Amino acid sequence: SLFLLPERTVLWVTDRLKYLSTCFSRERDGLVKHTGGCHCGAVRFELWSAPDLHVFSCNCSICTKKQNLHFIVPKSQFTLLQGSDNITTYTFNTHMAKHTFCKTCGVQSFYTPRSNPDGFGVAPHCLDPGTVSSVTVEDFCGQNWEESMQKHQTIRSMSKQTTDT
């Protein structure tokens, strides 16, 4: 005989299957799931990215002060797991970049970069161990931001999703 599941259960199963399908698709595309967060653990996230990270070292005023190394991922490949209520934001100049950090420990584990407002800049040193194979660091001249952005061929595309997931 046929049995009916509650609608809530059907929706949960459907959502879970979509999630698993996305995970398998991303793994097939060579992406791995990285997890990370701030020092105190109040802010936690997961993201999908290659195991070989392309990290930027910027020399603009704020990146220099914070020693901000970061790699860029599309927003669609980043999920804040916890801590949205424990994040504060600092902006300056054009207010395009959103420098987010934990209210408790002060660590900036990710932020919205001016170069890629449709993505996140993630601090590789805030990732949990075990998923990064290599790190390549590229210097970016943030002191001459506009000129550097015109010269750079790929930075804007780094926050664009390249798969059909």
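## A guided tour, starting at Gln67

Begin by selecting Gln67, which is exposed, with a relative accessible area of 59%. What you have open is a predicted model, and every value in this tour was computed from it. Gln67 sits in the loop between helix 2 (61-66) and strand 4 (69-74), and if you inspect its backbone you will find that phi is near 55 degrees, a positive value in a residue other than glycine.

Next, select Asn93, where phi is likewise positive although the residue is not glycine, with a value near 50 degrees. Asn93 belongs to the loop between strand 6 (87-90) and strand 7 (99-102), and at 60% relative accessibility Asn93 counts as exposed.

From this loop, step back into strand 6 and select Thr88, which lies in that strand. Is Thr88 buried, partly exposed or exposed? With a relative accessible area of 27%, Thr88 is partly exposed. If you now show the neighbours of Thr88, leaving out residues up to four places away in sequence, you will see that Thr88 touches His99, Thr100, Phe101 and Lys103. Select Thr104 as well, and compare two kinds of separation: Thr88 and Thr104 are 16 residues apart in sequence, while their C-alpha atoms are 9.8 Å apart in space.

Now turn to the interior and select Leu47, Phe71, Phe78, Phe110 and Val122, which are the residues with the most contacts inside the largest nonpolar core, a set of 15 residues. Strand 2 (44-49), strand 3 (52-58), strand 4 and strand 9 (119-122) each supply at least two residues of this core. Keep Phe110 selected and look at what surrounds it: not counting residues up to four places away in sequence, Phe110 touches Val43, Phe45, Phe78, Leu80, Ile87, Thr100, Phe120, Gly121 and Val122. Apart from this core lies another, of 10 residues, and among them are Cys58, Cys63, Phe140 and Met149.

Stay with the cysteines for a moment. How many disulfides does the structure hold? The structure holds zero disulfides, and Cys58 accordingly is in none, with the nearest cysteine sulfur, that of Cys60, 3.7 Å away. Cys58 counts as buried, because its relative accessibility is 12% and the cut-off for buried is under 20%. Then select Cys105 together with Cys102, and ask why the sulfur of Cys105 has no bond to the closest cysteine sulfur. The sulfur of Cys105 is 3.8 Å from that of Cys102, which is too far for a bond, because a disulfide needs the two sulfur atoms within 2.5 Å. Cys105 itself is partly exposed, with a relative accessible area of 29%.

For the last stop, switch to a cartoon view and select strands 1, 2 and 5, which form an open sheet in the order 1-2-5 with antiparallel pairing. Strand 1 (32-37) and strand 5 (78-82) stand at the edges, and each has a single partner strand, so one side of each is left without a neighbour in the sheet. As you look across the sheet, note that the twist averages 25 degrees from one strand to the next. Strand 2 and strand 5 pair in the antiparallel sense over four bridges. To see one bridge up close, select Glu46 and find its bridge partner in strand 5, which is Thr79.

Note on methods. Residues numbered from 1 in each chain as written. Predicted model: local features only at pLDDT ≥ 70, side-chain atom pairs only at ≥ 80, totals over all residues. Heavy atoms only, no water. Buried < 20%, exposed > 50% of the residue type's maximum accessible area, 1.4 Å probe, protein only. Contact = heavy atoms within 4.5 Å. Core = buried A, V, L, I, M, F, W, Y, C linked by side-chain atoms within 4.5 Å. Pairing = 2+ DSSP bridges. Axes fitted to C-alpha atoms, helices over the stretch in contact; angles between N-to-C directions.
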